[in-house]
Amino acid sequence: MRTHPMWRARAAATLGTLALSTALIAAPAAAQASGAPPATPVLVAPANGGTSAPSSSLSVRANDPDDTSLQVTFHAAARGTVEPGAGGAPFTFLVIPDTQNYVLTTTNTPLLQAQLQWIVDNRSSLNLAFAAGLGDIVDNRLSDAQWGRATTSMAILDNAGIPHSVIPGNHDYDLATGDFSKYNQYFPVSRYRDASWNSANASYGGYYGQNQFGPDAADRQNMNNFALFQAGGMKFLTLNLELNPPDDVLAWAQRVLDAHTDRRVIVSTHSYVTVAGALSNQQLRTDVAGNSGAQIWQKLVRKNCNIFLVVNGHFTDGLDGEANRTDLNDCGTPVQAALSDFQGRPNGGDGWLRWYTFTPAAGTITATTYSPTLNQYETDADSAFSWNYDMTAPADLPVVGQQNVSAGAVASAPLPDVPAGTVVDWYATVSDGTSTTRGPTWSTTVQNPTAAPLVSDTFTRTVGAGWGTADTGGAWTVNSTTKLTAAGGVGRISSNAGSTLTATLPAVDTPTVDAQATIALDRIPDRALTLTTAARQVGSSAYAARVIVNPNGSFSVHAMRDGTALAGGTVLGSTLTAGAKLRVRVQAEGTNPTTIRARAWLDAAAEPTSWTATATDATAALQQPGGLRVTSYLSSSATNGPVIVSVDDVSVKRIGEEPPPPPPNVPPTADFTWQADGLTVTANSSGSSDTDGTITARAWSFDGAAATGTTATHTFAASGTYPVTLTVTDDDGATGTITKNVNVTAPPPPTGAIARDQFTRTVASGWGTADTGGAWTVNSTAKLTVGGGGGRISANAGSTLLATLGGVSSSALDTTVAVSLDRMPNQYINLSVVPRVVGTSSYGARLRVNPNGTVLLQNVRADTALTGSSSAGGLLVTANARVNVRVQVEGASPTTIRSRVWLDGTPEPSTWQVTSTDSTAGLQTAGSLRLGAYLSSSATNGPVIVSFDDLTASAIP
């Protein structure tokens with residue numbers, strides 16, 4: 001067992017404290033009181049976590065029980081200019097979950113890039129110390145296209161100087177040979193060793209094969225590496241291990257740890273904790289004898305007491321890819337482990353990220369799960385959790401001011417001169433000449449002074465003719481009171497083909513303005529639609545930003561003088577879709593000449609830092625203040641009009657001034673009605689409302705089953721009372737939720753029918769619940785789904801895939817089902833209909849379909865063929881052809897099994913094609929019903945999609 005020096009130091013400190021306490025007990029009471037230290041300084045201003053103007057002061061109240069004169073010293077620094085977390089400020093360690101499905105297609109890659117850019121943009125607010133990749137960088141290790149997308153994306157962190165590391169997953173190298181040439185080509189040691197972020201606070205440490213701490217048994221380059229960083233006055237080491245690291249890699253890891261006993265250690269590896277929250281026993285490699293997650297714990301983690309956190313990816317089950325657990329190491333201290341893998345979610349992972357916030361003052365670490373592309377947090381127990389972790393005293397921040405005050409008085413110092421938007425961390429110390437007391441660390445964000453807007457409109461009113469009066473800026477003048485209205489939190493323009501429609505506000509008192517508006521279309525036009533936002537409208541002339549939306553959703557931006565484009569062009573990489581918000585910004589600055597600037601961007605993305613179009617102009621009539629005008633023109637050739645243009649969040653301010661924040665959004669109100677028809681409930685959410693906007697999304701949960709839409713239908717498995725929850729989301733992202741209980745009663749089953757299923761539902765994970773017979777149990781929720789009118793099995797080579805109706809129990813069952821294949825396999829495939837399943841054994845029929853379409857029908861006990869087989873009268877199967885299979889299993893000691901098959905649309909055979917008997921003990925009783933498929937392990941054209949349909953299972957009289 002290895003004991004970390006910091007724990008030995010704490011033990012010594014404890015003994016010292018006990019000795020000091022004993023001395024104090026023995027000392028006279030008067031001597032104890034005379035040297036009392038100052039009280040902890042009390043925050044006066046600014047509010048912790050709030051904002052400050054540049055001219056603000058830092059202020060605290062100082063006090064002391066036995067001294068009247070005190071010296072207050074202020075320490076402060078812009079976050080990011082000193083060691084992250086110095087002074088006890090919270091800092092973060094971030095993990096980048098599996099990226100393989102982002103780089104699998106060019107469609108998904110922009111989500112990864114947006115995710116990584118969000119990390120860069122929020123580095124300061126997160127106080128980011130380090131980021132670690134969790135492996136499976138690509139989906140196909142041989143694809144240069146995928147590696148290219150991955151390396152280009154990760155360069156976003158490189159170029160921004162974000163300290164980070166990567167590790168390989170099972171998709172990144174050859175598990176049979178250990179070859180990692182592509183990984184080494186795109187993510188070599190040199191990329192991290194020579195990175196711009198290497199500094200005193202964060203640096204690449206080394207790799208397995210460097211012989212850095214003694215001889216290494218192999219050279220795996222950047223497959224196994226470590227990095228060093230400092231934060232919160234603490235020193236950290238992140239140890240990054242390849243999938244299933246063999247013993248020689250763990251021996252190297254131990255040498256790294258032995259050389260850095262003063263470091264707190266985070267281990268990153270691809271496979272450690274499973275979705276179920278267990279330490280993994282999975283071993284995927286065949287090139288070496290690797291170690292599973294459970295073995296990594298036993299051989300490395302548990303005996304090194306400075307390892308406090310292990311993070312991994314890899315494991316996912318449909319939408320589920322999170323888990324966490326705590327284990328006690330050999331020192332009796334907890335080690336936290338956490339899985340985060342979102343590759344099973346839509347669009348490659350929907351941008352979900354995980355970070356861990358260290359708060360030294362509280363001694364806690366908090367996990368946060370967030371998607372910047374969805375702007376959503378997850379708050380379940382595997383997504384948002386925290387634990388206690390002992391952290392040492394924080395480091396000092398620079399001194400920015402000092403003041404002598406009387407006890408009980410307020411001391412102040414100027415806020416450091418930093419740019420607007422900067423987060424400043426600060427604290428104060430109070431000294432009485434003998435003792436010094438340090439206060440907690442606070443933070444404030446410096447902002448520009450706010451100014452009242454010249455124009456502001458959030459359209460919270462309803463006007464049936466025109467746009468009414470803006471919140472600030474006067475009354476709108478429109479050129480059509482029938483086509484311009486205000487409702488639902490927006491100003492609406494019903495833009496029909498060939499018409500120019502305008503809304504204008506009066507002139508402001510300055511020629512130097514910054515105008516913005518949010519625009520959305522209810523549909524993409526089939527011809528060009530022109531949207532113009534004028535920042536200076538003087539009579540019929542204007543300086544403006546013009547956006548032209550094309551039928552494919554692409555759009556261009558120009559700086560305009562009247563109808564003349566002065567500068568601009570197409571906005572590359574952005575596509576507008578129906579309902580999506582587009583932000584437009586235009587500035588008109590100065591006179592003789594005037595500078596016009598314009599840009600537009602999707603509201604879901606960050607505002608660009610540069611202008612798309614910049615031009616100067618000195619047209620005489622426009623060298624004066626003007627008003628604001630919004631104009632829409634739909635091409636006269638358009639045939640899918642009117643296009644409803646929604647305008648919102650209009651503002652005009654002086655350049656350089658920030659307007660006050662908009663009024664807080666009022667969340668929407670959720671409500672619904674419902675009706676039941678047997679076990680089926682239809683719910684209608686049209687009664688939901690949003691007083692200051694529109695409802696953009698509706699999500700249903702029927703006792704856990706999800707649905708979307710204004711109305712939703714769900715069929716429950718059995719009679720009873722069930723909760724139904726509706727969550728509505730408005731156009732500002734706020735939500736409202738309501739839950740109601742619904743009552744359903746199952747209709748009586750058809751006479752004689754024990755099980756029936758026509759698979760008319762859609763289930764993305766598993767087979768759901770049969771029409772009659774209860775819920776299906778499957779052995780793979782990813783490969784067994786329901787859709788297109790069938791229970792689908794995505795049969796991959798070598799896997800046995802099963803669906804079982806455990807609610808069926810019969811010793812005499814007549815079962816009929818239709819089955820089809822989406823393609824003919826290039827090796828055989830077995831299709832199983834099993835009317836009696838008892839424990840791990842069963843009776844049923846197996847239909848073997850060969851690549852040439854011929855079939856072999858056999859009765860089976862488990863996987864053993866019983867006496868007799870049939871070619872089904874020369875039956876030939878083709879892709880997508882439906883084949884009916886009927887199997888009877890009845891009796892006991894012996895049990896009789898009968899089976900026959902025929903093409904759908906032809907008469908059912910009048911005799912059984914195969915009949916068998918068997919008396920195996922344990923099977924002479926009632927059992928459940930099962931369907932299954934097995935594709936030969938030699939097949940190379942899988943997966944073959946097997947569809948089961950029209951299942952009926954009736955009791956044999």
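This passage walks through selected features of a predicted model, from its nonpolar cores to a hairpin.

The nonpolar cores make a good starting point. The largest of them has 64 residues, and Phe-93, Leu-94, Ile-119, Phe-187, Tyr-356 and Phe-358 have the most contacts inside it. Tyr-356 shows what such a position looks like: beyond the residues up to four places away in sequence, Tyr-356 touches a set of residues that includes Phe-91, Phe-93, Val-311, Ile-365, Phe-385 and Trp-387. A second, separate core has 53 residues, among them Leu-505, Ala-515, Leu-529 and Ala-535.

Leu-529 also leads into the next feature, an open sheet. Leu-529 belongs to strand E30, which covers residues 529-538, and it stands opposite Leu-634 in strand E37. E30 and E37 (residues 627-634) run antiparallel and are joined by 7 bridges. Together with their neighbours they form an open sheet of 7 strands, ordered E25-E28-E37-E30-E31-E32-E33, with antiparallel pairing. Strands E25 (477-478) and E33 (564-570) each have a single partner strand, so they stand at the edges, with one side of each left without a neighbour in the sheet.

Another region centres on helix H9, which spans residues 247-258. Its 12 residues reach 16 Å from the first C-alpha to the last, close to the 16 Å expected at 1.5 Å a residue. Buried positions in H9 are Val-249, Leu-250, Trp-252, Ala-253, Gln-254, Val-256 and Leu-257. The partners against which the buried residues of H9 pack are strands E8, E9, E10 (234-241), E11 (264-269) and E12 (307-312), along with helix H10 (293-301).

Two of these strands frame the loop that holds Asn-224: E8 (202-207) and E9 (225-231). Is this polar residue in the loop buried or exposed? Asn-224 counts as buried because its relative accessibility is 0%. Its side chain makes a polar contact of 2.6 Å with the side chain of Glu-242. Leaving aside neighbours within four places in sequence, Asn-224 is also in contact with Val-249 and Trp-252, as well as residues including Gly-206, Tyr-207 and Asn-240.

The last feature is a hairpin made by strands E48 and E49. In a regular strand, side chains alternate between the two faces of the sheet. In E48 (residues 784-787), Leu-784 and Val-786 point one way and Thr-785 and Gly-787 the other, and all are buried. E48 runs antiparallel to E49 (residues 790-795), with 4 bridges joining them, and Leu-784 stands opposite Ile-793. The hairpin has 2 residues between its strands, and Gly-788 takes a positive phi near 65 degrees.

Notes
Residues are numbered from 1 along each chain as its sequence is written. This is a predicted model: local features need pLDDT of at least 70, side-chain atom pairs count only at pLDDT 80 or more; totals for chains, interfaces and linings use all residues. Side-chain values use heavy atoms; hydrogens and water are left out. Two strands pair if DSSP finds at least two bridges between them. Buried means under 20% relative accessible area, exposed over 50%, partly exposed in between (1.4 Å probe, protein chains only). A polar contact is a pair of N or O atoms within 3.5 Å; within protein, one must be able to donate a hydrogen and the other to accept it, and residues adjacent in sequence count only if both atoms are side-chain atoms. Contact means heavy atoms within 4.5 Å. A nonpolar core is a set of buried Ala, Val, Leu, Ile, Met, Phe, Trp, Tyr and Cys residues joined through side-chain atoms within 4.5 Å. The expected span of a helix is 1.5 Å times one less than its number of residues.
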